[in-house]
Amino acid sequence: MIYTVTFNPALDYVVRVNQFAVGQVNRTVQENIFYGGKGINVSAVLANLGHPSIALGFIAGFTGEEIQRGVKTLGFASDFIRVKNGMSRINVKLKSDQESEINGMGPEITKEDVEALLKKLDTLTIGDVLVLSGSIPFSIGDDIYERIMARLDGRGIRIVVDAEKKLLLNVLQYHPFLIKPNHHELGDMFGVTLKDEEEIIRYAKKLQEKGAENVLVSMAGDGAILVEQTGTHHKLGVAKGTVKNSVGAGDSMVAGFLAGFLETGDFGHALKLGTAAGGATAFSDGLGEKEQILKLYDLL
């Protein structure tokens, strides 16, 4: 089974305003509510591709109830922990001449809540996949990724980590199955500016030397490079289309990659399906649907 963890899920209220004016009344011309959070996005795209998963994390308040209700409509199961204080976030994402965001704080998560999550993760067994992605709420220590991976170390669980620099570097000692920095993040980890594909591959292999099994480096409009555990690398360009949405594209790539790898065990297929899934989301108002993902796959 695939498990995803979203420490701070949210309701994403996405609005479009023509020529937004600060300090004045603005009226929306389009609005949507999405069930947000990087792990939730991964689970949703996996469901679109026919792969079941269970979403874990913390919810609170009436917004948490709506998240729990809403993810059922996305086609996957959840086993969230309900916490007592605060409420799950509402994130406002404003699309106009420029994009702006206001993200909520999220609920207070106690040590007891964290321990409840760890106990759920203790039930994972060999062959399961765990996706850890996204930011960590202020009420949880920033070592939570390390604590989880140390607890599960040596149990045959494939762990995917999609996180910022410090969080990513700190877990390499536990040999994550897949990490997904972009090329800017990869360079920042080593204090360099990466100028070409050769340098990207070289520094991706340095992350392997530190413990990562497979390194997937996204390069925006230049596609992606995968350095797999054998040292072999794959390069693939981007799908062609009109970008409508940047939210969830990276999560979709992770989901597509996992779906592709679990289907065939072939890293080339996994990279191609991941790239198609990321493109399908970028070209949609929400997350990419299976039909569009497969269409883009055939065009890559």
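## N214 and its surroundings in a predicted model

The side chain of N214 comes to 2.8 Å from the backbone oxygen of F177, in a structure that is a predicted model. A second polar contact of this side chain, also given at 2.8 Å, is made with the backbone nitrogen of Q229. N214 is found in strand β12, and because its relative accessibility is 0%, the residue counts as buried. Setting aside residues up to four places away in sequence, N214 touches P176, F177, L178, I179, Q208, L226, V227, E228, Q229 and F267.

| Atom group of N214 | Partner | Distance |
|---|---|---|
| side chain of N214 | backbone oxygen of F177 | 2.8 Å |
| side chain of N214 | backbone nitrogen of Q229 | 2.8 Å |

**Strands β12, β13 and β14**

Strand β12, which covers residues 214–218, pairs with β13 in the antiparallel sense over 4 bridges, and within this pairing V217 stands opposite I225 of β13. The hairpin made by β12 and β13 has 5 residues between the strands, and A220 in this hairpin takes a positive phi near 55°. On β13 follows a pairing with strand β14 (residues 233–236), where 4 bridges join the two strands in an antiparallel arrangement, with H234 of β14 as the bridge partner of L226. β13 and β14 likewise form a hairpin with 5 residues between them, and here G231 in the turn has a positive phi of about 100°.

Which residues of β13 are buried on one side, and which on the other? A224 and L226 are buried on one side of the strand, while I225 and V227 are buried on the other, so that both faces of β13 (residues 224–227) are covered. Two of these residues, L226 and V227, are among those that N214 touches.

**The open sheet and helix α2**

Elsewhere, 4 strands form an open sheet of mixed pairing in the order β3-β2-β7-β8. Its edge strands are β3 (30–36) and β8 (99–102), each of which pairs on one side only, and the twist from one strand to the next averages 20°. Strand β2 (residues 10–16) and strand β7 (residues 89–95) run parallel and are joined by 7 bridges; in this pairing, the bridge partner of D12 is N91 in β7. Helix α2 (residues 61–73) packs on the sheet, touching β2, β3 and β7, and its direction makes about 90° with that of β3.

**Helix α9**

Helix α9 (residues 267–282) has 16 residues, which at 1.5 Å a residue should span 22 Å, and this agrees with the 22 Å between its end C-alpha atoms. Of those 16 residues, 14 are buried, and α9 is therefore largely enclosed by the rest of the structure. At the start of the helix, a side-chain oxygen of D266 reaches to within 3.2 Å of the backbone nitrogen of G268.

**Nonpolar cores**

In soluble globular proteins, nonpolar side chains tend to be buried together. The largest nonpolar core here has 46 residues, of which F7, L130, Y145, I148 and V161 touch the most other members. V161, leaving aside its neighbours within four places in sequence, is in contact with L132, Y145, M149, L168, V171, P176, L178, I179 and K180. Apart from this core lies another, of 34 residues, whose members include V45, L258, A282 and F283.

Technical notes
Residues are numbered from 1 along each chain as its sequence is written. This is a predicted model: local features need pLDDT of at least 70, side-chain atom pairs count only at pLDDT 80 or more; totals for chains, interfaces and linings use all residues. Side-chain values use heavy atoms; hydrogens and water are left out. Buried means under 20% relative accessible area, exposed over 50%, partly exposed in between (1.4 Å probe, protein chains only). Two strands pair if DSSP finds at least two bridges between them. Axes are lines fitted to C-alpha atoms, for helices over the stretch in contact, and angles run from 0 to 180 degrees between N-to-C directions. Contact means heavy atoms within 4.5 Å. The expected span of a helix is 1.5 Å times one less than its number of residues. A polar contact is a pair of N or O atoms within 3.5 Å; within protein, one must be able to donate a hydrogen and the other to accept it, and residues adjacent in sequence count only if both atoms are side-chain atoms. A nonpolar core is a set of buried Ala, Val, Leu, Ile, Met, Phe, Trp, Tyr and Cys residues joined through side-chain atoms within 4.5 Å.
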